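Hi there,

Here is the structure I promised to pass on to you. Have a look at it first, and then read my notes below.

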Amino acid sequence: MKTNRLILRPLRQDDAPSIALHAGDWAVASMTARIPYPYDESLSQQWISGLEEGEFVRGIEFNGELIGATGYFPHDDDAVEIGYWIGKPWWGQGFATEAARELVRYCFTTAGIKRLVCCHFIDNPGSQRVIEKLGFKSLGACRAYCEARGCEIATVQYEMRRPLMARFWRPAQ
């Protein structure tokens, strides 16, 4: 998968050091549900080789360097939950929006997914902006467990349904 600036590609074992470095940063891990802290290279290798059935994960590559990851996993009977993270050195440059937009396009046009869900912790306004730019609709407040923080955090959940003419889908700008 490609965008103007990014390549979204399958993860490789040699990505483990970069994933551990960037996802293992407290500023990144603490804003995700599933990344523990501390997060080292051995945990990164285990994650790459242990993706569960139904999980779809792509590394986000910019100028030949892995800067993050995006993907989805089964949520319930009719939805998948998308997620993403970008290493802190690349925050504020639109990479999360660009990668997630391509993931959403893939979900609706290639994978045939009918409903997407996602969420952000209330103390993560950057992720909130990404989700809103993509055109997700808020389902309201809930709580989600944060592996890095070791507790439940107030969260806002969103959804997006597959358009009837999905092959023509264009996200909100």
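Strands β6 and β7 (residues 151-161) run antiparallel to each other and are paired through nine bridges. This is a predicted model, so please keep that in mind as you read. To see one of the contacts between the two strands, find Ala-141: its bridge partner in β7 is Val-156.

Now zoom out to the sheet that holds this pair. It is open and has seven strands, in the order β1-β2-β3-β4-β5-β7-β6, and the pairing is mixed. Why do β1 and β6 each have one side without a neighbour in the sheet? Both β1 (6-9) and β6 (137-146) stand at the edges with a single partner strand each, so one side of each stays free of a neighbour there. On average, neighbouring strands of the sheet are turned by 30 degrees against each other, ignoring direction.

Next, the helices. Two packed helices are described by the angle between their axes and by the distance between those axes. For α4 (residues 95-109) and α5 (residues 125-134), the angle is about 40 degrees and the axes lie 10 Å apart. That angle makes α4 oblique to α5. Their crossing is right-handed.

Which residues meet where these helices pack? From α4 come Ala-96, Thr-97, Ala-100, Arg-101 and Val-104, and they meet Val-130, Lys-133 and Leu-134 of α5. Sorted by class, this contact has five nonpolar residues, one polar residue and two charged ones. Try picking them out in the 3D view.

Best wishes

Notes:
Residues numbered from 1 in each chain as written. Predicted model: local features only at pLDDT ≥ 70, side-chain atom pairs only at ≥ 80, totals over all residues. Heavy atoms only, no water. Pairing = 2+ DSSP bridges. Helix = DSSP H or I, 4+ residues; strand = E, 2+ residues; numbered from the N terminus. Axes fitted to C-alpha atoms, helices over the stretch in contact; angles between N-to-C directions. Parallel < 35°, antiparallel > 145°, perpendicular 65-115°, else oblique. Left-handed = near helix turned anticlockwise from the far one by under 90°. Contact = heavy atoms within 4.5 Å. Nonpolar A, V, L, I, M, F, W, Y, C, P; charged D, E, K, R; others polar.
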